[in-house]
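This briefing walks through selected features of the structure shown below, grouped by topic for a reader who wishes to check each one against the coordinates.

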Amino acid sequence: MSAADAGDGLGITLGVEEEFFLVDPETRDLLADPDEGIFVACERNGGPHKVVHEFLRSQIETNTRVCNSVAEVRQALSETRRLVVEAAEQHGARLFAASTHPFASWREQAPTPGERYRRFATTYQETVRRALVSGMHIHAGFGDDDSRIRIMTALRRYLPLLHALSTSSPLNHGHDTGFKSFRLTMMGALPRTGLPGPLHSKAEYERLVAEHRRMEYIGDARELWWDIRPASAFPTIELRICDVCTRLEDAVCIAALYAALIRWLLRLDRDGMLPPEPLTELIAADRWIAQRYGVLAFFGNRGADGGRVDIDDYAAALVEEVADDARALGCEAEVRHALAIIREGTSADRQADFYHLRLLEGDTEEEALRGVVDQVLAETKEGLDRQSG
């Protein structure tokens, strides 16, 4: 991000949370009770980054430092992934970056001790016990309180594309689910998930939160688990719809596209030119298509002709639309990588293809599923040495 860009009022800060699974290197199953030394080592060596427990003991979450450019995001993600990879391997585990594990049983998992997690499990019962999933959240800081809400609403129509680019959860509980992101299906069993309705000011958002609290649906705004939301602890908009990306390069691409979209929409907002909002129900239809088909999606064509539009054509047009903003943010190549993801496939495509190929070549289901785990473990570490320094 150039000094000129920061000075024009369109500067954007970014931070990324990634949730991972911890895998037994022998069985390839999840470690229901991993060595606590993993977390101790991460805390000791984390520097400006944070590493924390997640709801399940078999999970671990990284939080990057605040980044002022996409280049810094790349470096920060490389550092956090390398940190946890090394800590895990020093304590008998491997790091697995996909939003579902191919064959692990939710019945074998144990929640992390703590009052908040205990209340969570008591309230949501089987829905949360079955939600053996991990995700990626991207925080973006920009604008003022009201402009952040307006831009959040304007971003809703692009959530299906951002999600499709991230899909990494096609296999669950020992079989191919038929979805490129089964994670969203499982998360949908919880209340207050999915798309938020259109909001246009901080006051409107705060009234909504106050009503939820007045009726004792929630304790605080953190319990609104929308696909995109204002963060409670920071002046950011938190993108939550994405699966965790197996390849670091894909995660950087999504952060770059998110930032470029925000900058473009901020410019439109400044000129009073934000486009009219599509119906939430139509965005939700594209959202389902994204989780079902990933980068093979055909989204609804909101132009006069109606019908469907190939995700490749849709993404190419959007990449051109935000090209000036990507250039201003110094992330043209990272944004254009979205087109490569669509051509080459996401982790979900590679997992499903590998699984079915191994079955065709004579592997048992168990062998094929273990092979998928090995593939994901290898891809999780891709590029870490290259990104160092």
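Ser347 lies in helix 14, which spans residues 347-360, and this serine counts as buried because its relative accessibility is 4%, where buried means under 20%. Leaving aside residues up to four places away in sequence, Ser347 touches Thr167, Ser168 and Thr246. The model is a predicted one, and the points below turn to helix 5, to its packing against helix 9, to salt bridges and to a surface patch.

**Helix 5 and its cover**

- Helix 5 covers residues 145-155, and it is mostly covered, with eight of its 11 residues buried.
- The buried residues of helix 5 are Ser147, Arg148, Ile149, Ile151, Met152, Thr153, Ala154 and Leu155.
- The elements that cover these buried residues include helix 6 (159-166), helix 8 (202-214) and helix 9, together with strand 10 (228-230) and strand 11 (236-239).

**Packing of helix 5 against helix 9**

- Two packed helices are described by the angle between their axes and by the distance between those axes.
- For helix 5 and helix 9 the angle is about 115°, and the axes are 10 Å apart; the crossing of helix 5 and helix 9 is right-handed.
- On the helix 5 side the contacts are made by Ser147, Arg150, Ile151, Ala154 and Leu155, which meet Tyr258, Leu261, Ile262, Leu265, Leu266 and Asp269 in helix 9.

**Salt bridges**

- The count of salt bridges comes to 31, where a salt bridge requires a side-chain nitrogen of Lys or Arg within 4 Å of a carboxyl oxygen of Asp or Glu.
- One of them joins the side chains of Arg150 and Asp269, with 2.9 Å from N to O; since Arg150 lies in helix 5 and Asp269 in helix 9 (residues 248-270), the pair ties together parts that are 119 residues apart in sequence.
- Within this pair, Arg150 counts as partly exposed at 28% relative accessibility, whereas Asp269 is buried, with a relative accessible area of 16%.
- Another salt bridge is formed by the side chains of Asp325 and Arg267, at 2.8 Å from N to O; here Asp325 lies in helix 12 (residues 323-328) and Arg267 in helix 9, so the pair ties together parts that are 58 residues apart in sequence.
- Asp325 is buried, with a relative accessible area of 0%, while its partner Arg267 counts as partly exposed at 27% relative accessibility.
- Salt bridges that share partners also join Asp145, Arg148, Lys202 and Glu206 into one network.
- Inside that network, the side chains of Asp145 and Arg148 meet at 2.4 Å from N to O, and these two residues are separated by about one helical turn because they are three residues apart in helix 5.
- Asp145 counts as partly exposed at 39% relative accessibility, whereas Arg148 counts as buried at 10%.

**A nonpolar surface patch**

- Trp288, Tyr293 and Leu296 make a nonpolar surface patch of about 320 Å².
- Trp288 is found in helix 10, which runs over residues 280-293, and this tryptophan counts as partly exposed at 42% relative accessibility; that value can contribute to a patch because patch residues need over 30% relative accessible area.

Conventions. Residues numbered from 1 in each chain as written. Predicted model: local features only at pLDDT ≥ 70, side-chain atom pairs only at ≥ 80, totals over all residues. Heavy atoms only, no water. Helix = DSSP H or I, 4+ residues; strand = E, 2+ residues; numbered from the N terminus. Buried < 20%, exposed > 50% of the residue type's maximum accessible area, 1.4 Å probe, protein only. Patch = residues over 30% accessible without salt bridge, like charges linked within 9 Å, V, L, I, M, F, W, Y side chains within 5 Å. Areas by Shrake-Rupley, 256 points an atom, 1.4 Å probe, with all protein chains shown as cover. Axes fitted to C-alpha atoms, helices over the stretch in contact; angles between N-to-C directions. Left-handed = near helix turned anticlockwise from the far one by under 90°. Contact = heavy atoms within 4.5 Å.
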